[in-house]
Amino acid sequence: MRNPVAGVVVASLVLGGCTKELPLPSLDGEKRIVLLGELVAGDTVSLRGSVSLPVSKGTSLQSEVPGDLALVMTSPTEPPLLLAAGEPDFSLKTVPLSAPQPVGAGSVYTLRASSSGLRDATATVRIPQPFEMTVVDTATVRYGGTRALRMTIRIHDRPGEKNFYTFEAVRQLLDVKGRFEWQGLPYTLPDNPDDLALYDSLRNAGVSVHVDYDTMPQPGAYLQRLNTYTDDGATENVKISSAVSPVRRVLLTDESFDGGTHDLRVYVDKTYFVMNETNDLPGQVLKGRILFWVKSVSEDYFRYLRGYETFAPITGIGTLAQPVRIEGNINGGYGAVGGVYRIPFYYVFDRWSY
Amino acid sequence: MPGRRTLLLLACFLVVLPALSRAQGSAALQQRYRPGLRRGTVADFFKDLRRQTGLRLSYASSVVDSTRPVHVPAGTADVGALLEDILRGQAVEAVESGGAILLVPRSAPTTAGRYRIVTGRLREAGSGEVLIGAAVYDPDLRQGTTTNSYGLYQLALPEGERRICLSYLGFQPDTLWLPASGNVRRDLDLKSLTTIAEVRVESKDRSVPGERTRLTPADLKTQAQTLGEADPMRGLQILPGVQSGVDGSSGVIVRGGDPGQNLHLLDGVPLYYVDHFFGLTSVYNADALKAVDFYKGAFPARYGGRVSSVIDVHGRDGSLQQLGGGGTIGLVKASAYLEGPIVKDKVSFLVSGRRSWLDGVLPAFNLDFPATAYFYDVNAKAHWVVNRNHRLYAGFYTGRDYLRFTSTDGSDYYQRVRWNNTVGSLRWNAVLSPRLLLDATATYSYFLFDQKDRTELFDSTGATSNGFYIGSSSIRDAALKLQLQWTPGRNHRIQTGIRLANADFTPTTLERLTGDGSISSPVSGALSSQFQNTEASVFAEDAIRLGERWTVRPGLHVAGWLSGDFRYGSIQPRMYVAYRPVPSQTVYASVSRMGQFLHLLSNNGSGLSNDFWVPSTARIRPEQSWQGSVGWSGTVRKALVGVEAYYKDVDGVIAYNTGRSLFDNSDHWQDKIEQGHGWSYGAELSARRDFGPWTASMAYTLSWNWRQFDNLNGGEKFPYRYDRRHNLNLKLCYAPSRRFDAVVQWMYLSGEAFTLPDQLYPDLDNNLQIVSTGTTSFSPLNPASYTYNYAAWNAYRLPATHRLDAGMNFTRYRGARYMRTWSLGMFNVYGRPNVSWVLLSENVQGGLSLQGFSLLQFVPYASLKIRF
């Protein structure tokens with residue numbers, strides 16, 4: 001700066017501002033049990049539990065995850081099931097709760113969670129009936145300046161009932177191992193340099209080598225959500241946002257096609273349809289794939305997701321946006337446990353050949 | 001609930017009005033006064049009277065011989081009695097009006113039952129500029145009027161030889177002699193006190209109790225400034241019932257309304273954006289102003305289109321007689337104007353302009369600011385005196401605010417935001433007969449808000465390309481208005497008119513452009529929503545005098561809004577009743593129905609105005625209000641005092657119903673708007689007193705302000721963001737001479753309401769083991785980590801806002817036309833960190849922290865103003 005004094009004067013005129021700590025209200029708010037997760041038909045039970053943090057003077061974000069959280073799941077056809085509590089995850093601030101029993105489509109489960117010093121929380125979760133879908137077409141297109149994978153997904157709706165559908169896309173990082181045999185001996189790719197050298201020499205010699213691939217999700221590498229768009233006027237997203245706004249989940253009701261079929265058009269951002277070792281997990285040779293999930297979800301979970309989709313954390317505080325009150329299905333607590341019937345399919349990006 | 005509010009309203013009238021009508025304060029003439037001298041001239045005694053009592057005396061030199069020597073007995077007596085002694089032998093009597101004492105000729109005999117119309121135009125001598133709101137007064141009959149926005153007056157008086165007094169703040173009063181009979185047209189030029197020897201003459205109050213407040217450049221001069229300019233919007237903020245939004249902004253919140261409920265008129269043309277520099281100053285250029293009329297309660301029927309207030313700004317027309325000009329240069333902006341005759345006494349012009357210049361200066365200091373901001377505006381006006389009875393006006397205004405954020409990381413990213421205003425008008429003003437005045441106006445107004453983001457797009461190869469995101473919101477409206485003022489007799493003044501307007505609205509458009517500039521719209525033909533609407537309104541009102549003490553002004557405004565999809569109609573009765581038990585006091589009451597077809601979605605929180613004007617549609621109904629008020633205005637212990645209570649009920653107020661921005665939604669913006677109900681009530685107190693060169697004034701408002709939406713806060717009522725219980729403004733001016741004046745102002749506002757979550761809990765997606773795109777780790781309180789649970793809307797309060805502003809003006813005169821003024825001062829003298837917005841975050845101890853962000857502390861200003 002050539003003239004610091006003048007600069008400071010001008011800056012003080014322009015800004016003249018500061019921040020200060022404001023007192024939070026002393027509400028002595030009541031902590032509540034939090035339940036989060038999905039009961040997916042055909043999958044084993046896997047949920048998460050925690051405790052809420054009252055926004056009050058003295059509240060610490062480093063609070064402990066309740067170690068004595070107990071969750072009992074019952075259904076009309078099965079005996080009560082106490083879910084096993086795992087080790088608390090302090091980054092997620094939840095404790096895993098699981099059971100090996102599979103979740104049945106069309107079943108209704110009642111959850112009751114308890115923890116010392118907290119009031120019990122309950123939820124009723126209705127698992128949707130099976131439905132069918134087909135991928136009608138796919139194409140790579142330019143959507144709003146973004147390279148996107150366009151898909152048309154035909155949903156066959158069950159008649160006579162209100163159904164709620166979601167679509168989402170996530171990227172899954174995988175440790176891909178290739179195995180091939182040569183002259184009766186097994187070789188592994190790509191970890192063993194000698195095996196890799198043999199593989200390359202065979203390929204260079206024009207030998208056709210059949211490789212079997214094993215995929216292993218990386219521990220600690222979470223699923224990565226991909227920006228998704230839709231210009232389908234029947235979706236909730238277009239109603240609450242726009243066709244060019246990225247969404248986490250595409251939300252659709254069968255209001256306009258009860259019992260019929262609906263072609264849902266979605267666009268998935270292909271920016272991350274590529275492995276980027278630098279940005280993802282440095283030093284690891286990973287491949288990946290895209291998981292697409294078309295789900296039929298319970299009504300109260302759909303309502304929660306709709307609020308969650310419009311949720312912005314700072315709404316109501318100094319912005320023009322209204323706060324969003326997300327209504328969950330946990331009586332006496334917070335969060336949501338969704339009933340889900342899920343149909344997955346995959347898109348493999350990158351060559352897995354070595 | 002509406003029934004309860006109606007009862008409350010009724011109670012106001014039944015209980016408060018009679019009580020107030022019985023209230024009478026002390027009259028100025030009854031004040032006790034002990035002269036400081038026993039012998040001297042009349043002028044000496046007047047000077048002593050003003051010094052000791054602070055009373056204002058108004059008289060014409062042609063009526064009072066102030067050089068006459070007089071002798072008064074010793075001791076204390078009533079002011080009225082002493083004035084009789086001082087003026088003994090002169091055919092003059094003292095009457096009290098608006099807290100001031102008028103010295104007028106003694107009553108003359110009248111010809112009973114026969115009336116004639118006296119009309120004319122008052123102008124400033126030297127420039128020919130018409131004077132708005134000048135008092136025209138028959139002191140014998142205690143009957144008068146004020147000039148309209150074209151300087152015209154109409155007065156029905158009994159036949160007989162009469163005098164009428166004419167006065168205007170800052171001008172030497174004068175007297176007209178009328179012949180015995182017949183309608184009379186009298187035009188008169190009043191001399192400005194800056195061009196004649198220093199004479200201290202006070203005018204009567206220019207406001208109409210309970211109806212209108214008028215600000216003139218003289219009023220604005222005696223207020224603390226920001227950025228070195230007297231902003232009329234800040235002059236309004238210190239009135240009772242009015243508050244600013246975010247501290248330091250020039251916007252006004254009137255009786256619980258939102259900023260979009262204020263009708264801004266610049267020479268009759270509606271303005272849709274009135275902020276400059278993100279609200280630090282307004283678009284109104286003080287150099288080009290003649291007067292500002294402000295209405296917040298008893299709305300005349302000629303106004304419509306907004307439910308909370310009318311801010312009617314009258315621009316200067318330009319001198320018909322001599323070339324002149326001036327300019328102001330301050331720390332962040334400069335302005336200049338030039339005016340003069342094109343054809344002397346026939347055609348005049350005025351051109352003024354302002355521009356901020358920090359954007360040009362900062363690079364010189366090598367300041368690495370990532371933002372560039374500037375504004376400019378230009379006012380131009382031409383005025384043609386066709387003949388004595390006909391005048392034509394042409395006006396033009398254009399202004400722009402510009403803001404650009406540039407990336408500091410070397411990338412090409414930038415964000416540019418512009419606010420553009422352009423208005424034009426053509427007006428014909430005619431005196432068709434002594435009883436009939438015509439005003440015809442054609443207006444055009446255009447507002448455009450646009451935002452452009454340059455982005456980099458990546459593809460799988462790692463290559464990048466540039467793209468643009470452009471969002472805009474605009475209104476284009478054209479209107480024709482005809483207005484007639486007819487004075488059929490002494491006790492009636494009728495105004496009627498019609499207005500037709502056609503408007504094109506584009507609430508939001510959204511485009512994406514590829515790097516080569518071609519439009520890359522993902523949705524064919526559906527990215528913008530355009531509406532064309534026609535608005536028609538008619539109005540009529542009659543200002544009726546019932547005897548000497550009662551004034552009743554019934555009116556009716558009927559508005560219709562039409563488009564292909566809907567038709568809305570609104571019948572808006574207006575009523576204003578005033579009773580003057582004594583000339584110095586007025587008890588009044590009013591009821592007004594108002595309606596507005598437009599809605600403003602505005603962000604006042606961040607200080608960066610993102611204004612979206614949206615029209616009513618088949619789904620979004622107009623906003624309509626009922627407002628009732630009662631009040632009393634009078635003189636108490638030499639102070640002008642006003643008390644008023646009000647209740648306002650607005651149906652159809654709007655709010656966003658989701659957590660997203662309107663620009664995220666081009667096609668379905670109507671789905672994001674929630675309509676509900678708002679109501680506010682409160683009491684206002686104002687007082688002003690002169691102590692010789694000192695003037696002290698205060699304004700206090702006690703108010704409650706509520707909103708209720710079916711789909712917000714569980715349908716329960718909640719406080720409006722600007723529900724501020726107490727609002728106090730204190731002001732002290734010191735003006736010992738016309739060469740120096742100083743002012744200090746202190747304001748206090750209860751903290752605004754805001755919403756905090758009551759609970760936080762872990763995020764759903766995190767616990768489904770899904771993270772945001774490109775994220776592999778979690779961090780506390782980032783948008784993906786916690787979900788907020790809201791229990792109640794606006795249940796928390798920010799700290800109260802208060803600050804002290806001070807300023808002073810040093811003025812030098814050279815000759816009759818040259819004037820130079822240095823203005824110095826400081827905004828927020830004691831550096832109160834008033835909170836503009838807040839953020840909930842995690843502090844270093846791992847606890848929750850609520851951070852308040854403040855702007856504008858210790859902000860000095862200095863400016864030099866020159867007039868020639």
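Student: How many salt bridges does the structure hold over all chains?

Tutor: There are 42 of them over all chains, each being a side-chain nitrogen of Lys or Arg within 4 Å of a carboxyl oxygen of Asp or Glu. Keep in mind that this is a predicted model, where local features need pLDDT of at least 70 and side-chain atom pairs count only at pLDDT 80 or more, while totals for chains, interfaces and linings use all residues. Residues are numbered from 1 along each chain as its sequence is written, chains are lettered from A and ligands numbered from 1 in the order in which they are written, and side-chain values use heavy atoms, with hydrogens and water left out.

Student: What makes the contact of A:Arg225 and B:Asp765 a salt bridge?

Tutor: The N to O distance between their side chains is 2.9 Å, so the pair meets the cut-off for a salt bridge. A:Arg225 lies in strand 16 (residues 223–225) of chain A and B:Asp765 in helix 7 (residues 764–767) of chain B, so this salt bridge joins two chains. Helices (H or I, at least four residues) and strands (E, at least two) are DSSP runs, numbered from the N terminus.

Student: Are A:Arg225 and B:Asp765 buried or exposed?

Tutor: Both are buried; the word stands for under 20% relative accessible area, with exposed over 50% and partly exposed in between (1.4 Å probe, protein chains only).

Student: Which other residue meets B:Asp765 in a salt bridge?

Tutor: A:Arg249 does, at 2.6 Å from N to O. A:Arg249 sits in the loop between helix 3 and strand 18 (250–253) of chain A, so its pair with B:Asp765 also joins two chains. Like B:Asp765, A:Arg249 is buried. These residues belong to a network of salt bridges that links A:Glu38, A:Glu168, A:Arg225, A:Arg249, A:Lys295 and B:Asp765.

Student: Why is B:Arg185 called buried?

Tutor: B:Arg185 has a relative accessibility of 13%, so it falls under the limit for buried. Its side chain meets that of B:Asp187 in a salt bridge of 2.7 Å, N to O. B:Asp187 has a relative accessible area of 34%, so it counts as partly exposed.

Student: What makes the link of A:Glu236 and A:Arg306 a polar contact?

Tutor: Their side chains are joined at 2.7 Å, and the term covers a pair of N or O atoms within 3.5 Å (within protein, one must be able to donate a hydrogen and the other to accept it, and residues adjacent in sequence count only if both atoms are side-chain atoms). A:Glu236 itself lies in helix 3 (residues 236–240) of chain A and is buried, at 9% relative accessibility.

Student: Why is helix 3 (residues 79–86) of chain B called largely enclosed?

Tutor: Six of its eight residues are buried, so the rest of the structure largely encloses this helix. The buried ones are B:Val79, B:Gly80, B:Leu82, B:Leu83, B:Asp85 and B:Ile86.

Student: How do you know that the side chains alternate along strand 5 (residues 70–75) of chain A?

Tutor: A:Leu71, A:Met73 and A:Ser75 point to one face and are buried, while A:Ala70, A:Val72 and A:Thr74 point to the other and are not. That fits the general pattern: in a regular strand, side chains alternate between the two faces of the sheet.

Student: How many bridges join strand 5 to strand 9 (residues 108–115) of chain A?

Tutor: Five, in the antiparallel sense; two strands pair if DSSP finds at least two bridges between them. In strand 9 of chain A, A:Arg112 is the bridge partner of A:Val72. Strand 5 is also joined to strand 6 (residues 78–82) of chain A by three bridges, again antiparallel. There A:Met73 has A:Leu81 as its bridge partner, and strands 5 and 6 of chain A form a hairpin with two residues between them.

Student: What makes strand 11 (132–143) and strand 17 (228–230) of chain A edge strands?

Tutor: Each pairs on one side only. They belong to an open, antiparallel sheet of four strands in chain A, in the order 11-12-19-17. Within that sheet, strand 12 (residues 146–156) and strand 19 (residues 261–269) of chain A pair over nine bridges, and A:Arg150 stands opposite A:Tyr267 of strand 19.
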